[in-house]
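Got your viewer open and a hand on the mouse? Let's take a walk through this structure, one selection at a time.

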Amino acid sequence: MNKHGSYGALLFRDEWKRKRKEILERDGHKCVICRSNKNNVVHHRQYVFMKGQQVFKDPWDYDNRLLITLCRSCHQRGHSKFEVPIIYIK
């Protein structure tokens, strides 16, 4: 299974831009690990795959507690050490 498919294209949608802005503001526009305020991204702490539809949940449909602000460096380092868990639902 391709983990992201067209996921990257969804990150250009207005729904994601609004959700991203909300998370960045919540976290004070700083990486929650190193406190950098440069080159920050919003990271999903888990993904949800909906088996019945054979698609991942849209990136903006996640509860805010599953989203965190990371700088690109901490984000890349985290992905190299850990795999983001996938929750499978019917």
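What follows is a tour of a predicted model, stop by stop.

**Stop 1: helix H2**

Select residues 14-26, which make up helix H2. If you like, check the length of the helix yourself. With 1.5 Å for each residue, its 13 residues should span 18 Å, and the C-alpha atoms at its ends are indeed 18 Å apart, so the two agree.

Now show the side chains of Trp16, Lys19, Ile23 and Leu24, which are buried in H2. Turn the view until you look straight down the axis of H2: the buried residues fall within an arc of 135 degrees, so they line one face of the helix. Here's a handy rule for views like this. An α-helix has 3.6 residues a turn, so residues three or four places apart point the same way.

What do the buried residues of H2 pack against? Colour helix H1 (7-10), strand E1 (40-44) and strand E4 (67-71), and you have the partners. Before moving on, click on Gly28, which follows H2 and has a positive phi, near 65 degrees.

**Stop 2: charged pairs around H2**

Stay on H2 and pick Lys21 and Glu25. Their side chains meet in a salt bridge, with 3.4 Å from N to O. Both residues lie in H2, four residues apart, which is about one turn of the helix. Glu25 has 44% relative accessibility, so it counts as partly exposed.

Next, select Arg26 and Asp27. This pair forms a salt bridge too, and its closest N and O atoms are 2.9 Å apart. Is each partner buried or partly exposed? Asp27 counts as buried because its relative accessibility is 13%, under the 20% cut-off. Arg26, at 42%, counts as partly exposed.

Another pair to pick is Asp63 and Arg65, whose side chains meet in a salt bridge at 3.6 Å, N to O. Asp63 is partly exposed, with a relative accessible area of 43%. Arg65 has 59%, so it is exposed. The count of salt bridges in the structure comes to four.

**Stop 3: the nonpolar core**

Time to go inside. In soluble globular proteins, nonpolar side chains tend to be buried together.

The largest nonpolar core here has 17 residues. Select Trp16, Val42, Tyr47, Phe56, Tyr62, Leu67 and Ile86: these touch the most other members. H1, H2 and strand E2 (47-50) each supply at least two residues of this core. Which element gives the largest share? That's E2, with four residues.

Zoom in on Val42 for a moment. Leaving aside neighbours within four places in sequence, Val42 is in contact with Trp16, Arg20, Ile23, Leu24, Leu67 and Ile68. Apart from the largest core lies another one, of five residues, including Cys31, Ile68, Leu70 and Cys74.

**Stop 4: the aromatic rings**

Show the rings of Tyr47, Phe49, Phe56 and Tyr88, which form one aromatic cluster. Searching the whole structure turns up three aromatic pairs. In one of them, the rings of Phe49 and Phe56 have centres 5.0 Å apart and planes at 70 degrees, so the pair is edge-to-face. Phe49 counts as buried, at 6% relative accessibility, and Phe56 counts as buried too, at 16%.

Keep Phe49 selected and add Tyr88. This aromatic pair is edge-to-face as well: 5.8 Å centre to centre, with 65 degrees between the planes. Phe49 lies in strand E2 and Tyr88 in strand E5 (residues 86-89), so the pair ties together parts that are 39 residues apart in sequence. Tyr88 counts as partly exposed, at 41% relative accessibility.

**Stop 5: Arg72**

For the last stop, select Arg72 in helix H3 (residues 72-81). At 53% relative accessibility, Arg72 counts as exposed. Now add Asn39 and Val41: leaving aside neighbours within four places in sequence, these are in contact with Arg72. Finally, try the distance tool on the C-alpha atoms of Arg72 and Cys31. The two residues are 41 apart along the chain, while those atoms are separated by 8.9 Å.

Methods
Residues numbered from 1 in each chain as written. Predicted model: local features only at pLDDT ≥ 70, side-chain atom pairs only at ≥ 80, totals over all residues. Heavy atoms only, no water. Expected span 1.5 Å × (residues − 1). Buried < 20%, exposed > 50% of the residue type's maximum accessible area, 1.4 Å probe, protein only. Arc of directions from axis to C-beta. Contact = heavy atoms within 4.5 Å. Core = buried A, V, L, I, M, F, W, Y, C linked by side-chain atoms within 4.5 Å. Phe/Tyr/Trp six-rings, centres within 6.5 Å; stacked < 30°, edge-to-face > 60°.
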